[in-house]
Protein chains: 2
Amino acid sequence: MTLSTTLNALADPTRRKIIQLLKKKDLPAGEIAKNFTMTLPSLSHHLNILKMANLVSSRRAGQNIIYSLNLSVVDEIIGELYGIIGKGVKKNK
Amino acid sequence: MTLSTTLNALADPTRRKIIQLLKKKDLPAGEIAKNFTMTLPSLSHHLNILKMANLVSSRRAGQNIIYSLNLSVVDEIIGELYGIIGKGVKKNK
DNA sequence: TAGATATTTAGGTAACTATCTAAATATTAA
DNA sequence: TTAATATTTAGATAGTTACCTAAATATCTA
């Protein structure tokens, strides 16, 4: 999981909306899909990208696959991002 | 400048490296290019993406075009990001 | 085990992105 | 005003991504 992978995962509004939904509670793929107009396979693609970035996890529960947000990873990323783009100290004006 | 635009700009290692360089001091395009193996036009493309995202600014100084980091915008983004992916409060385990 | 339900995987396509070379533009110096 | 320098813009191409439909897989229920 490189930072590029993570930021790329976050650089899409659909995927950020999925994160918002999962912030409230864990949800099965089908429930997530109800919040979007795209097809379930398309959504599955986005969920997979979030999973590759380690931003979400999934577990099977009967016929459902439940997605949940990886909160600790989310915090880690903010820290990394801050290290990279924040705290700039310029030597010229 | 949407958040998607900004995150997309940051989701590329070349562009993050440019930001690192500009954190130390403002630099003309040619100086930035010396840190990479790609051609100047390719670099110019990346600089333009950073500019579109409002992460950097440019000004002309004679024959040079000097790039500089927009520090305040950088801080703003971290805040936005934190609002979006941070502070998760889940209702189920 | 057969059928229904939930989700993913496969395969195709259109749109987007990164890169290159060549040409254009802006500025400075002779 | 011509030549040199710095950088961008234009145009082409290869690779990637997002979306769709159809098919495959896994689980549950009758």
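In this predicted model, a phosphate oxygen of DNA strand D lies 2.4 Å from an N or O atom in the side chain of Tyr67(B), a polar contact in the sense of a pair of N or O atoms within 3.5 Å (within protein, one atom must be able to donate a hydrogen and the other to accept it, and residues adjacent in sequence count only if both atoms are side-chain atoms). Local features need pLDDT of at least 70 and side-chain atom pairs count only at pLDDT 80 or more, whereas totals for chains, interfaces and linings use all residues. Side-chain values use heavy atoms, with hydrogens and water left out; residues are numbered from 1 along each chain as its sequence is written, chains are lettered from A and ligands numbered from 1 in the order in which they are written.

Two further polar contacts involve DNA strand D. The side chain of Gln63(B) places an N or O atom 2.9 Å from a base oxygen of the strand, and a backbone N or O atom of Ala29(B) lies 3.2 Å from a phosphate oxygen. In total, 22 residues surround DNA strand D, and Ser42(A), His46(A), Gly30(B), Gln63(B) and Tyr67(B) are the closest; a residue is near a strand if one of its heavy atoms lies within 4 Å of it. Sugar or phosphate accounts for 75% of the DNA strand D atoms within 4 Å of the protein, and bases for the rest. The nearby surface has nine nonpolar, 10 polar and three charged residues, where Ala, Val, Leu, Ile, Met, Phe, Trp, Tyr, Cys and Pro count as nonpolar, Asp, Glu, Lys and Arg as charged, and the others, Gly among them, as polar. Helix 4 of chain A gives the most to this surface, with five residues. Helices (H or I, at least four residues) and strands (E, at least two) are DSSP runs, numbered from the N terminus.

Turning to DNA strand C, 22 residues lie around it, and Gly30(A), Tyr67(A), Ser42(B), His45(B) and His46(B) come nearest. Of the strand C atoms within 4 Å of the protein, 75% belong to sugar or phosphate. Which side chain has an N or O atom 3.0 Å from a base oxygen of DNA strand C? That side chain belongs to Gln63(A). Phosphate oxygens of DNA strand C lie 2.9 Å from a polar side-chain atom of Ser44(A) and 3.2 Å from one of Arg15(B). Helix 4 of chain B supplies five residues, the largest share of the surface near this strand.

In chain B, three strands form an open sheet in the order 1-3-2, with antiparallel pairing. Strand 1 (27–28) and strand 2 (56–61) stand at the edges with a single partner strand each, so one side of each is left without a neighbour in the sheet. Pairing requires at least two bridges found by DSSP; strand 2 and strand 3 (residues 64–69) of chain B are joined by six, and Ser58(B) has Tyr67(B) as its bridge partner. Helix 4 of chain B packs on the sheet, touching strand 2 and strand 3, and its direction makes about 120° with that of strand 2. Contact here means heavy atoms within 4.5 Å, and angles run from 0 to 180 degrees between N-to-C directions, with axes fitted as lines to C-alpha atoms, for helices over the stretch in contact.
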